[in-house]
Structures are given as structure tokens and as C-alpha cells.
Amino acid sequence: MAGEHQGLAIVLFTLFVSVTLAITAWAGRRRSSSVEFFAGGRLFSPMENGLAIAGDYMSAASFLGISGLIALFGYDGLLYSVGFFVAWLVVLMLVAELVRNCGRYTMADVLSARMRQRPVRIAAGTASVTVSILYLVAQMVGAGSLVGLLLGGGQGTAVRTWTVIGVGALMVFYVSFGGMRATTWIQIVKTVLLMGGTIALTVMVLVRFHGDFGDLLRSAANGSGQGNAFLAPGLKYGANATSRLDFISLGVALVLGTAGLPHILSRFYTVPTARSARRSVVWAIGLIGVFYLMTIVLGFGAAAVVGSDTVRDSNAAGNTAVPLLAEILGGGSGTTGGTVLFAVVGAVAFATILAVVAGITLSSSASVAHDLYASWRRPPTQGRHGRRRTAKTAPAAPADPANPANPSVPVQQAGTDGEMEQQEVRVARFAAVGIGTVAIGLSLFAQDQNIAFLVGLAFAVAASANLPALLYSLFWHRFTTRGAVWSIYGGLVPALVLVVLSPVMSGRPDALFPGVDFHLFPLENPGLVSIPLGFLAGWLGTVLSPEPADEGKFAETEVRSLTGAGAA
């Protein structure tokens, strides 16, 4: 199969990569400041930003992973489609406008607005980078599965390894030379391609079954080999009490995790106003809702047309269900139509992966530069218990004898802020290389995992570490610096520890380390435990904090978040 598609797939891949490189070169000429690099100059319209947000969110996990899970597990796979979509209501109602008004580039800007900067930024930056790397791993696993199937070698380790390395190199180039402007336009192009390809496949599936969705479901049940159980809950998550708890844990993580994803939150800073941020989310919700409805059709279509066993034989996690469906809809293996459609869908999926990893890498490198590096370079402005230290200024300039009315004023260190911002941009470029290297190394261990499942883990960590601190900071007037730090680490550390001790890592044939068994935690997704721990740690840190909350700063932040007064 790979030999028939290889030439056309290479041409399509090369074409898309060439277009994205041209966009990066164009955008790179305009990158002159940190605002341009991290936020695209805040010049994007709500529609443009909505397309980019949708592109960031509609990842390989959505296009390949969810459809594959539905093709393998039927009804239980629908949880991912529903959870990913419902999560946007949380974003729209609770965080979109408020985050835009309170921050500049990263989530830490919001958290540190009324806290001591250094400890909060270090904690938030650490959590953001961790979530981003987990998300990157999922995308690169999808790239390895997809390109390994299209370009030869099937599931060969060498093909997947070099694919992952190639994707990592491209994402570092996009971020280092193009910044947010290039990343955004790549996302917009990718969204148009993905929506077009998904609509075409969905129409072809429905036409094949004469528009009868009931007939599609019946055929999917027959093709799955599970009968009516394929259309009922329990095939993946209903075997016992533990699997049912896993189902709840995954649902909670998906619904709450989006509001804590760093690369989604950073999108709100690319528009000029909070109203534009809210309108961007409305555009994104419309696109995302239509897209996830279509993934349901594609998933059941793959089970009906391809067959669950065939999908599983091609890729045990189901990541190749959509390309295989496209091949049969185009006429089958060996036909011109099948070859063309298979390669086109593969190219669209590859474009999806490239665009998403660029956005995630930019967000995480911004956290390294703007939060971690800047916190290390800048001296703290407050003491241990919140008392503001006196800022050191240069000696006052002598009064101007020609103008006695002009009093002496301190001499400002010209260019200091500008130089710091340029240093942050340089650090962000180097950080992109380091983050890409770590993500490549980790993804090579997870090639047999379903990418939607891996993204679910990233959502759980985001909901555990980022969301509690974000909500407390925006809505609780007593929240303190200790509460913010405890909330972040109190969610992040348990989430990571529970993942390491879960069946995902050991004790099963499909675990990352199948030859050993050190799992102690029965659930695959830690959200049911780690998310409440994050909220509990934030509350406990606040009530035990020796420093009182700064009511004045909370009032100032509240006014700013609701009105946009003083927003960047």
C-alpha cells in the first residue's frame, strides 16, 4: 500500500511544507519586538483568531485519534468528541475576556497580577512547559503513525523515528524565525484545509449510506464484530467499577482541561481587545462544534466501511482509521481515486500536526522566556511577606538652570525594558530547541498509544495545575501567593506521579514499559484525583498563608479584568 501512495504523498507534503516555510519567511521580516514575536502585534481580527484557535484545538488527536477510538470502541469513543467540545463553554463563560484583559503573553501574567512575581511565575512557567510537552508528545506520535503508513515501512520504527525528528525540526524553525504571526497564519491555512477535507469525507460517507444515519450505525455495529454492544456504553469503560471511574475521570479532565491549556490561553493575547477575544471564541466554537460532529460520522464510517479489525491491524490504537477510510471511499487499494484521496487526507493530517506543534512550542517557549528566564533575571520587587522593596534608581539629574521650573528627576536607565524584551525573544528561540528535543525523546517511547488518549493526559495535568490557580486568582479575593504556588504544584505533582504509577506506564502489554509492573494507581487518567487536589492545595495554602491578600490589588485586577482598563 505504501508504495502506491509514496510519490503523491511526498509531493503533497513537500507542497504544504513549502507554503508554511514561505509564510514563516514573510512573517520573520516583521518580527521586531516581543509583542510581535509572542502576540503577533495584537493585530488579528476575531475571525482570523477564531480560525487560529480552532486550528490549535483541532489537532491530530481530534482528526485521527477520536475517529480511531470511535471506530474501535463505538459509543465509548464519543466521550472524547463531547468532552472536547463542551470544554469550550467553560473557556467562553469563565476565562476568555478576563485572561485577555489581565495578561500580556502567558498565563503567569494573570496569576501574578496581584501576587509576588517570582514564585508564581516560576510555578506557572513550570506547569505550562510540562503540559505543552505532554501535548507535543501526542502530536508527534500521530505524525509517526501517519507518515510511517504513507511513506513506506508500515509501522517500521526507523520511519516513525525520522518522521518525529523531522516534525520537531520544522516546528523549531517555525517558532524561531516566524513567531506568533507565522504560527497564526499557518494555523489559519491548516484550519481551512482540515475543514475542507473533513467535510468532503463526511459527505462521501453519508452519500455511501444514502443519507441514512441509522443504516450507517447498523453497518458500523456489524463491521465492528461487537454487534449492538458497539452502540451501547461499556465496550471500553464499562467492564468494572474501575473502568467506570476512569470514564468519569476522563470526562472531568476533558471538560476542565481546555481552560488551562497554555497554547489556547496565549491565543487571547493576539487580538486588540477583550471583546475581540470573546468573538474569537464564538468563531472557534462554531468551527469546532461542526468539526466534532463530523468526527463522529468518520469514526462510525471507518467501522462500517473499513472494519474495526482492519483498523486495529493497521494501528493498534486506531490512529490510521481516517486515512484507511479515505482510501476505500476513493475506490479502494490500487485505484487512482483511492491513492489520491488517501494521500490527500494524509497530507491534511500532516498539516494539522505541523501547525499544532508550532503553536504549542511557541507557547511553551514563551513561558520559558517570559516567566522562568525573566524571573531569574529581574530582582524581586516585594519582600517575603508581601512588603514592597524600594526600587533602586539612578542618581537624580541636576536641575536645569535655564529652566528653574523643571525639578530634578531621576535618570531612567534607557532601553532597559527593551533590551530585556529582546533577550526574552532570544531565549524563546533557544527554548524552542530544548523543548522540541525533549518532546521528540519522549514521543519515541509512546508510539503505540492512541493520540487522543495521550492528549487526555495533558488535559488532566492542565486542569489539575493551571485551572485551579487561574480561577482562584480571578474570582477569590483572599487568594495569596502561597495559595497560588501550592495550587499549581499541588495539582501538577500528583497528576504526574499518578500517571507514572498508572497502567499507562507499566503492567500491561500496551504500556510504555510492558516488561515491568510498578503501577499502583488503577485509573488511566488521574483527573478525578489530581484536579480536586489542585483546588484543595490552593485553598489550604491560602488559609495557612502568613501574608494577607492584597485587597487593593484584587480590586484593581477585578476592574481591569471586567472592563479592560489598563489592559496591554
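User: Let's start with the second largest cavity. Which residues line it?
Analyst: Happy to, keeping in mind that this is a predicted model. The second largest cavity has a lining made up of Y105, T106, M107, S128, P262, L265, S266, Y269, S363 and S367.

User: Which elements give two or more residues to the lining of the second largest cavity?
Analyst: The lining includes P262 and L265 as well as S363 and S367. The elements that contribute two or more residues are helix 11 (262-265) and helix 15.

User: How do the residues of that second largest cavity's lining divide by class?
Analyst: The space they surround has a volume of about 50 Å³. The lining residues fall into five nonpolar, five polar and no charged.

User: And the largest cavity: what volume does it have?
Analyst: The protein has three cavities of 30 Å³ or more. For the largest cavity, the computed volume is about 60 Å³.

User: Which helix gives the most to the lining of the largest cavity?
Analyst: The lining is formed by F38, D56, Y105, M180, T183, H263, S266, R267, G359, L362, S363 and A366. Two helices, helix 8 and helix 15 (336-377), each provide at least two of these residues. With four residues, the top contributor is helix 15.

User: How many charged residues are in the lining of the largest cavity?
Analyst: D56 and R267 are both among the lining residues. By class, the lining holds five nonpolar and five polar residues, and the charged ones number two.

User: Which residues have the most contacts inside the largest nonpolar core?
Analyst: In soluble globular proteins, nonpolar side chains tend to be buried together. The largest nonpolar core here has 165 residues, and those with the most contacts inside it are Y57, F63, Y80, F84, W88, F268 and L470.

User: Which helix brings the largest share of this core?
Analyst: The core in question is the one with 165 residues. Of these, 20 residues come from one element, helix 15.

User: Which residues does Y57 touch, not counting those up to four places away in sequence?
Analyst: Y57 is one of the residues with the most contacts inside the core. Leaving out residues up to four places away in sequence, Y57 touches S62, F84, A87, W88, Y135, T258, L261, I264, I288, Y292 and F459.

User: How far apart are the C-alpha atoms of A9 and F342?
Analyst: A9 belongs to helix 1 (residues 2-28), and A9 is buried, with a relative accessible area of 0%. Along the chain, A9 and F342 are 333 residues apart. In space, the separation of their C-alpha atoms is 8.5 Å.

User: Is H210 buried or exposed?
Analyst: H210 sits in the loop between helix 8 (157-208) and helix 9 (213-224). Most residues other than glycine have a negative phi. H210, although not a glycine, has a positive phi of about 55 degrees. Because its relative accessible area is 73%, over the 50% cut-off, H210 counts as exposed.

User: How many of the residues of helix 14 are buried?
Analyst: Helix 14 (residues 321-329) is mostly covered. Its buried residues are A321, V322, P323, L324, L325, A326, E327 and L329. Out of nine residues, the buried number is eight.

User: Which residue with a positive phi follows helix 14?
Analyst: The phi in question lies near 135 degrees. The residue that carries this angle after helix 14 is G331.

User: Finally, what share of the residues in the protein is buried?
Analyst: The protein has 21 helices and zero strands, and it exposes about 21400 Å². Of its 568 residues, the buried share is 57%.

Methods. Residues numbered from 1 in each chain as written. Predicted model: local features only at pLDDT ≥ 70, side-chain atom pairs only at ≥ 80, totals over all residues. Heavy atoms only, no water. Buried < 20%, exposed > 50% of the residue type's maximum accessible area, 1.4 Å probe, protein only. Areas by Shrake-Rupley, 256 points an atom, 1.4 Å probe, with all protein chains shown as cover. 1 Å grid on protein atoms, 1.4 Å probe; cavity = no way out; pocket = protein on both sides within 12 Å on 5 of 7 lines; lining within 4 Å. Points joined across faces, edges and corners; volume = space filled by probe spheres on them. Nonpolar A, V, L, I, M, F, W, Y, C, P; charged D, E, K, R; others polar. Core = buried A, V, L, I, M, F, W, Y, C linked by side-chain atoms within 4.5 Å. Contact = heavy atoms within 4.5 Å.
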